[in-house]
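Here is a report to read with the structure open beside you. Take your time, and look up each residue as it comes along.

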Amino acid sequence: MQEEIFGPVLPIVPVKNVDEAINFINEREKPLALYVFSHNHKLIKRMIDETSSGGVTGNDVIMHFMLNSFPFGGVGILLKNDPVQPHSASTELFLF
């Protein structure tokens, strides 16, 4: 996984614990989206607090796509190079 994936492919990256997952995310360019699935709301909040992405959805995948009033895009380098999204675009956050 060195490049972005646009298509019906879901990469599975096995990790031993939440710390390893957070480190995996933070060691790479910021993702456009982060989907966290857990019954533990503290774990979801920790993932949000300790990572950065264009949008975060907890326990859902459709709301990120369905709410077109929210900006969709990256943060950091991705956002700076995006001619469509303004530099002040905010990060989306959905929790269910």
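What follows goes from the overall layout to the core, then to a few loops.

**Getting your bearings**

This is a predicted model, so a local feature is described here only where pLDDT is at least 70, and side-chain atom pairs count only at pLDDT 80 or more, while totals for chains, interfaces and linings use all residues. Residues are numbered from 1 along each chain as its sequence is written, and side-chain values use heavy atoms, with hydrogens and water left out.

The protein has four helices and three strands. Helices here are DSSP runs of H or I with at least four residues, strands are runs of E with at least two, and both are numbered from the N terminus. Starting at that end, the order of the elements is α-β-α-β-α-α-β.

Of the 96 residues, 24% are buried. Buried means under 20% relative accessible area, exposed means over 50%, and partly exposed is in between, using a 1.4 Å probe and protein chains only. The protein exposes about 7100 Å², and 60% of that comes from carbon and sulfur atoms; areas come from the Shrake-Rupley method with a 1.4 Å probe, and for residues only the protein chains shown count as cover.

**How far to trust it**

The predictor's confidence in each residue is called pLDDT and runs from 0 to 100. Its mean for the protein is 76, with 68% of residues at 70 or more. Confidence is highest in α1, at 95, and lowest in helix α4 (residues 77-80), at a mean of 49. Over residues 82-92 the pLDDT is below 50, though this stretch still has 22 contacts in the model beyond near neighbours in sequence. A contact means heavy atoms within 4.5 Å. Where pLDDT is low, the predicted coordinates should not be read in detail.

**The core and the first helix**

Which residues make up the largest nonpolar core? The seven are I22, I25, L34, V36, I44, M47 and V56. A nonpolar core is a set of buried Ala, Val, Leu, Ile, Met, Phe, Trp, Tyr and Cys residues joined through side-chain atoms within 4.5 Å. At least two residues of this core come from each of α1 (18-26), β1 (34-36) and α2 (41-50).

Now look at α1, where A21, I22 and I25 are buried. Seen down the helix axis, the buried residues of α1 fall within an arc of 95 degrees, so they line one face of the helix; the arc is that of the directions from the axis to the C-beta atoms. An α-helix has 3.6 residues a turn, so residues three or four places apart point the same way. The cover over the buried residues of α1 includes β1 and α2.

At the N-terminal end of α1, N17 acts as a cap, with a side-chain oxygen 3.2 Å from the backbone nitrogen of D19. Leaving aside neighbours within four places in sequence, I25 touches P31, L34, M47 and T51.

**A walk through the loops**

P31 sits in the loop between α1 and β1. With a relative accessible area of 23%, P31 is partly exposed. Beyond four places in sequence, its contacts are I25, S52, S53 and G54. V56 is 25 residues away from P31 along the chain, yet their C-alpha atoms are separated by 9.7 Å.

Is T51, in the loop between α2 and β2 (55-58), buried or exposed? T51 is buried, because its relative accessible area is 11%. Outside four places in sequence, T51 is in contact with I22, I25, N26 and L34.

S53 is also in the loop between α2 and β2, and its 3% relative accessibility makes S53 buried. N40 belongs to the loop between β1 and α2 and is partly exposed at 39%.

The table lists polar contacts from these loops, meaning pairs of N or O atoms within 3.5 Å; within protein, one must be able to donate a hydrogen and the other to accept it, and residues adjacent in sequence count only if both atoms are side-chain atoms.

| Side chain | Backbone partner | Distance |
|---|---|---|
| N40 | nitrogen of K42 | 2.9 Å |
| N40 | nitrogen of L43 | 3.1 Å |
| T51 | oxygen of M47 | 2.4 Å |
| S53 | oxygen of G55 | 3.1 Å |

Last stop: N59, in the loop between β2 and α3 (62-66). Its phi is near 60 degrees, a positive value in a residue other than glycine.
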